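Please open the model in a viewer and keep the selection panel at hand. The tour below proceeds stop by stop, with a selection at each stop.

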Amino acid sequence: MNNGHITLLIAEDEEASRFLYQEEFTEEGYEVLTAANGLQALGILEDRHVDLLLTDVKMPDMHAVEMIPRVREDHPDLPIIVASAFKGMENDFTLKEFNVAAFFAKPVNMDALKIQVKYLLESKAVPAA
């Protein structure tokens, strides 16, 4: 599958999970950028175009709950998916207020995650004029 020049940003502090996401989405044909925390993710978003952000919640230096409002300042339409081992996070006010597109409980079902990523990217695409 070739997904052209679609770039995903994975913000995940756990190295094994970050590597797994990177491998899985690279195999799907996406360009994958990674960050070990929210501060690194914000830095990447300043320098690079990103089509979708997948983030863990609890990370060192800056949690997703702090990062997402800052992402929304410059990227109001960026699809964001949150993956967390914290039960009940899908009902977190910050995630709802800042228009998080989807929530996945860990351990993440990779097939379901890939379907959600594809859906969000396809619904974000603007038809050629």
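For a pair of helices, an angle under 35 degrees between the axes counts as roughly parallel. This cut-off will be needed at the fourth stop. The structure on display is a predicted model.

**First stop: the whole chain**

Display the protein as a cartoon. Its secondary structure comes to five helices and five strands. Followed from the N terminus, the elements run β-α-β-α-β-α-β-α-β-α. Colouring by burial adds a further view: of the 129 residues, 45% count as buried. Among the contacts with a separation of 6 or more, 62% are accounted for by residues 24 or more positions apart.

**Second stop: the sheet**

Select the five strands and hide the remainder. They form an open sheet with the order S2-S1-S3-S4-S5 and parallel pairing. Strand S2 (31–35) and strand S5 (102–105) are the edge strands, and each pairs on one side only. Neighbouring strands of this sheet are turned by 20° against each other on average, direction ignored. In general, strands of a sheet pair through backbone hydrogen bonds, either parallel or antiparallel.

Next, restrict the selection to S1 (residues 7–11) and S2. Five bridges join S1 to S2, and the two run parallel. Label Thr 7, and Glu 31 in S2 will be found opposite.

**Third stop: strand S3**

Select residues 52–56, which make up strand S3. How many of its five residues are buried? The count is five of five, and the strand is thus described as mostly covered. In a regular strand the side chains alternate between the two faces of the sheet. Show the side chains of S3 here: Leu 52, Leu 54 and Asp 56 lie on one side, Leu 53 and Thr 55 on the other, and all are buried, which leaves both faces covered.

With S3 still selected, add the strands paired with it. S1 is joined to S3 by four bridges, in a parallel arrangement. Four bridges also join S3 to strand S4 (residues 80–84), again running parallel. Thr 55 is a convenient residue on which to centre the view: Ala 11 stands opposite Thr 55, and in S4 the bridge partner of Thr 55 is Val 82.

**Fourth stop: helices H2 and H3**

Select helix H2 (residues 38–47) and helix H3 (residues 64–74), which pack at an angle of about 15° with their axes 10 Å apart. Are these helices roughly parallel or oblique to each other? The angle of about 15° falls under the cut-off of 35 degrees, and H2 and H3 are therefore roughly parallel. Their crossing is right-handed.

Now show the side chains at the contact. Gly 38, Ala 41, Leu 42 and Leu 45 in H2 meet Met 67, Arg 70 and Val 71 in H3. The residues of this contact divide into five nonpolar, one polar and one charged.

**Fifth stop: helices H1 and H5**

Select helix H1 (residues 15–27) together with helix H5 (residues 110–124). The two pack at an angle of about 55°, and their axes are 12 Å apart. H1 and H5 are therefore oblique to each other. H1 passes H5 in a right-handed crossing. On the H1 side the contact is made by Tyr 21, Glu 24 and Phe 25, and on the H5 side by Met 110, Leu 113, Lys 114 and Val 117. By class, the residues of this contact are five nonpolar, no polar and two charged.

Restore the strands while keeping H1 in view. H1 lies across S1, S2, S3 and S4, and runs at about 170° to S2.

**Sixth stop: the backbone in three loops**

Most residues other than glycine have a negative phi, and most peptide bonds are trans. The last selections depart from this pattern.

- Select Asp 61, in the loop between S3 and H3. Its phi is near 70°, a positive value in a residue other than glycine. Asp 61 is exposed, with a relative accessible area of 60%.
- Select Asn 99, in the loop between helix H4 (93–97) and S5. Phi of Asn 99 is near 55°, likewise a positive value in a residue other than glycine.
- Select Lys 106 and Pro 107, which are joined by a cis peptide bond with omega of about 0°. Pro 107 is placed in the loop between S5 and H5.

Technical notes. Residues numbered from 1 in each chain as written. Predicted model: local features only at pLDDT ≥ 70, side-chain atom pairs only at ≥ 80, totals over all residues. Heavy atoms only, no water. Axes fitted to C-alpha atoms, helices over the stretch in contact; angles between N-to-C directions. Parallel < 35°, antiparallel > 145°, perpendicular 65-115°, else oblique. Left-handed = near helix turned anticlockwise from the far one by under 90°. Contact = heavy atoms within 4.5 Å. Nonpolar A, V, L, I, M, F, W, Y, C, P; charged D, E, K, R; others polar. Buried < 20%, exposed > 50% of the residue type's maximum accessible area, 1.4 Å probe, protein only. Pairing = 2+ DSSP bridges.
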